Amino acid sequence: MLAFDGDCGFCHAAIQQIQHRAQPQIETAPWQFLPPQLTQPHLRRLDREVLLLDGSRVLYGGAAALAYFLGSSSARRYRATARLLRLPPLSLAAHLAYRWVARNRHRMPAGTAACAIPRTPN
(Lines give C-alpha, C1' and ligand atoms only; values in the text may rest on other atoms or scores of the structure.)
Protein backbone atom coordinates (compact mmCIF):
# COMPACT_ATOMS: atom_id res chain seq x y z
CA MET A 1 0.00 0.00 0.00
CA LEU A 2 1.34 3.43 -0.93
CA ALA A 3 0.18 5.87 1.75
CA PHE A 4 0.14 9.58 0.88
CA ASP A 5 -1.10 12.79 2.49
CA GLY A 6 -4.78 13.01 1.61
CA ASP A 7 -4.97 16.58 2.92
CA CYS A 8 -2.53 17.74 0.24
CA GLY A 9 -4.03 18.54 -3.15
CA PHE A 10 -0.64 18.34 -4.85
CA CYS A 11 0.09 14.89 -3.39
CA HIS A 12 -3.32 13.60 -4.40
CA ALA A 13 -2.97 15.00 -7.95
CA ALA A 14 0.55 13.57 -8.35
CA ILE A 15 -0.55 10.07 -7.29
CA GLN A 16 -3.57 10.26 -9.62
CA GLN A 17 -1.32 11.21 -12.56
CA ILE A 18 1.02 8.29 -11.91
CA GLN A 19 -1.95 5.93 -11.59
CA HIS A 20 -3.52 7.22 -14.81
CA ARG A 21 -0.33 7.02 -16.87
CA ALA A 22 1.58 4.04 -15.46
CA GLN A 23 -1.27 2.03 -13.91
CA PRO A 24 0.88 0.60 -11.10
CA GLN A 25 -0.27 -2.60 -9.45
CA ILE A 26 0.18 -1.29 -5.90
CA GLU A 27 -2.86 0.15 -4.13
CA THR A 28 -2.84 3.69 -2.80
CA ALA A 29 -4.69 5.42 0.00
CA PRO A 30 -4.55 8.68 1.89
CA TRP A 31 -2.90 7.77 5.18
CA GLN A 32 -5.74 9.52 7.00
CA PHE A 33 -8.12 6.78 5.77
CA LEU A 34 -5.96 3.87 6.91
CA PRO A 35 -6.40 2.13 10.26
CA PRO A 36 -4.56 3.91 13.09
CA GLN A 37 -2.62 0.75 14.02
CA LEU A 38 -0.93 0.97 10.59
CA THR A 39 -0.22 4.68 10.60
CA GLN A 40 0.29 5.64 14.26
CA PRO A 41 3.94 4.55 14.43
CA HIS A 42 4.76 6.56 11.29
CA LEU A 43 2.78 9.81 11.65
CA ARG A 44 5.85 12.00 11.64
CA ARG A 45 7.05 10.51 8.33
CA LEU A 46 3.57 10.39 6.79
CA ASP A 47 3.27 14.17 7.16
CA ARG A 48 6.48 14.57 5.14
CA GLU A 49 6.66 11.76 2.57
CA VAL A 50 4.80 8.95 0.87
CA LEU A 51 5.40 5.58 2.48
CA LEU A 52 5.18 2.15 0.94
CA LEU A 53 3.71 -0.01 3.69
CA ASP A 54 3.45 -3.74 4.20
CA GLY A 55 0.93 -3.81 7.00
CA SER A 56 2.41 -1.48 9.59
CA ARG A 57 5.98 -2.02 8.35
CA VAL A 58 7.60 0.68 6.19
CA LEU A 59 9.28 -0.79 3.12
CA TYR A 60 10.32 2.48 1.47
CA GLY A 61 9.75 6.19 1.86
CA GLY A 62 9.90 9.23 -0.41
CA ALA A 63 11.54 8.87 -3.82
CA ALA A 64 12.35 5.19 -3.20
CA ALA A 65 8.68 4.47 -2.47
CA LEU A 66 7.61 6.26 -5.66
CA ALA A 67 10.21 4.36 -7.69
CA TYR A 68 8.95 1.06 -6.30
CA PHE A 69 5.35 2.14 -6.98
CA LEU A 70 6.22 3.11 -10.55
CA GLY A 71 8.11 -0.15 -10.98
CA SER A 72 4.93 -2.14 -10.32
CA SER A 73 3.52 -0.95 -13.65
CA SER A 74 2.94 -3.51 -16.38
CA ALA A 75 4.41 -1.05 -18.90
CA ARG A 76 8.07 -1.70 -19.65
CA ARG A 77 9.00 1.99 -19.92
CA TYR A 78 7.80 2.72 -16.38
CA ARG A 79 9.54 -0.34 -14.96
CA ALA A 80 12.75 0.74 -16.71
CA THR A 81 12.41 4.28 -15.36
CA ALA A 82 11.90 2.89 -11.86
CA ARG A 83 15.05 0.75 -12.16
CA LEU A 84 17.05 3.80 -13.22
CA LEU A 85 15.71 5.82 -10.29
CA ARG A 86 17.04 3.17 -7.91
CA LEU A 87 20.62 3.34 -9.27
CA PRO A 88 23.24 5.68 -7.87
CA PRO A 89 23.73 8.57 -8.67
CA LEU A 90 20.15 8.88 -9.99
CA SER A 91 18.75 7.60 -6.68
CA LEU A 92 20.52 10.45 -4.89
CA ALA A 93 19.22 12.98 -7.42
CA ALA A 94 15.70 11.56 -7.07
CA HIS A 95 15.97 11.78 -3.26
CA LEU A 96 17.13 15.41 -3.41
CA ALA A 97 14.42 16.34 -5.93
CA TYR A 98 11.77 14.61 -3.82
CA ARG A 99 12.90 16.47 -0.69
CA TRP A 100 12.77 19.82 -2.51
CA VAL A 101 9.29 19.13 -3.91
CA ALA A 102 8.06 17.89 -0.50
CA ARG A 103 9.25 21.08 1.21
CA ASN A 104 7.60 23.21 -1.48
CA ARG A 105 4.47 21.17 -2.25
CA HIS A 106 2.20 23.97 -1.01
CA ARG A 107 3.60 26.08 -3.88
CA MET A 108 3.04 23.42 -6.56
CA PRO A 109 0.00 23.20 -8.85
CA ALA A 110 -3.02 22.02 -6.81
CA GLY A 111 -1.06 22.83 -3.64
CA THR A 112 -2.70 24.73 -0.81
CA ALA A 113 -1.71 25.87 2.67
CA ALA A 114 -2.85 22.44 3.91
CA CYS A 115 -0.02 20.93 1.84
CA ALA A 116 2.72 22.72 3.79
CA ILE A 117 4.91 20.43 5.83
CA PRO A 118 4.60 21.23 9.52
CA ARG A 119 7.69 22.88 10.94
CA THR A 120 9.33 21.07 13.81
CA PRO A 121 10.56 23.14 16.75
CA ASN A 122 14.35 23.35 17.07
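# Briefing: a four-stranded sheet and its helices

Helix α1 (residues 9–22) lies across strands β1 and β2, at about 150° to β1. The model is predicted. At its heart for this briefing is an open sheet of four strands, ordered β2-β1-β3-β4 with mixed pairing. The largest pocket has a volume of about 410 Å³. The points below take the sheet, the helices, the pocket and some single residues in turn.

**The sheet**

- The strand order is β2-β1-β3-β4, and the sheet is open. The edge positions belong to β2 (28–30) and β4 (57–61). Each of these two has a single partner strand, so one side of each is left without a neighbour in the sheet.
- Neighbouring strands in this sheet are turned by 35° against each other on average, with direction ignored.
- Strand β1 (residues 2–4) pairs with β2 in the parallel sense. Three bridges make up this pairing.
- β1 also pairs with β3, here in the antiparallel sense and over two bridges.
- L2 can be followed across both pairings. In β2, L2 stands opposite T28. In β3, the bridge partner of L2 is L52.
- β3 and β4 run antiparallel and are joined by four bridges. One such link pairs L51 with G61 in β4.
- β3 and β4 form a hairpin, with two residues between the strands. G55 sits in the turn and has a positive phi of about 65°.
- In a regular strand, side chains alternate between the two faces of the sheet.

**Helices over the sheet**

- Helix α1 lies across two strands, β1 and β2. The angle between α1 and β1 is about 150°.
- Helix α4 (residues 62–71) lies across β1, β2, β3 (51–54) and β4. The angle between α4 and β4 is about 90°.
- R21 belongs to helix α1. The relative accessibility of R21 is 55%, so R21 counts as exposed, the cut-off being over 50%.
- R21 and L70 are 49 residues apart along the chain. Their C-alpha atoms are separated by 9.9 Å.

**The largest pocket**

- The volume of the largest pocket is about 410 Å³. Its lining counts 22 residues. Closest to the centre are F10, A14, L66, Y98 and V101.
- Helices α1, α4 and α6 each supply at least two residues of the lining.
- By class, the lining has 18 nonpolar and four charged residues. It has no polar residues.

**R105, a buried arginine**

- R105 is found in the segment after α6 (90–103).
- Is R105 buried or exposed? R105 is buried, because its relative accessible area is 4% and the limit for buried is under 20%.
- R105 touches D5, C8, F10, C11 and D47. Further contacts of R105 are G111, C115, A116 and I117. Residues up to four places away in sequence are not counted here.
- F10, one of the R105 contacts, is also among the residues closest to the centre of the largest pocket.

**G6, in a loop beside the sheet strands**

- G6 is found in the loop between β1 and α1.
- G6 has 34% relative accessibility, so it counts as partly exposed.
- G6 touches P30 and Q32, leaving out residues up to four places away in sequence.
- G6 and P41 are 35 residues apart in sequence. In space they are 18 Å apart, C-alpha to C-alpha.

**Backbone points to look for**

- Which peptide bond is cis, with omega near 0°? The bond is the one from P88 to P89. P89 is placed in the loop between α5 (76–86) and α6.
- Q23 has a phi near 50°, a positive value in a residue other than glycine. Q23 is found in the loop between α1 and β2.
- A110 also has a positive phi, near 75°, and is likewise a residue other than glycine. A110 lies in the segment after α6.
- A110 has 46% relative accessibility, so it counts as partly exposed.

Technical notes: Residues are numbered from 1 along each chain as its sequence is written. This is a predicted model: local features need pLDDT of at least 70, side-chain atom pairs count only at pLDDT 80 or more; totals for chains, interfaces and linings use all residues. Side-chain values use heavy atoms; hydrogens and water are left out. Buried means under 20% relative accessible area, exposed over 50%, partly exposed in between (1.4 Å probe, protein chains only). Contact means heavy atoms within 4.5 Å. Two strands pair if DSSP finds at least two bridges between them. Axes are lines fitted to C-alpha atoms, for helices over the stretch in contact, and angles run from 0 to 180 degrees between N-to-C directions. On a 1 Å grid over the protein atoms alone, a cavity is a set of points where a 1.4 Å probe fits but cannot get out, and a pocket is an open set with protein on both sides within 12 Å along at least five of seven lines; lining residues have an atom within 4 Å of a point. Grid points are joined across faces, edges and corners, and a volume is the space filled by probe spheres set on the points. Ala, Val, Leu, Ile, Met, Phe, Trp, Tyr, Cys and Pro count as nonpolar, Asp, Glu, Lys and Arg as charged, and the others, Gly among them, as polar.
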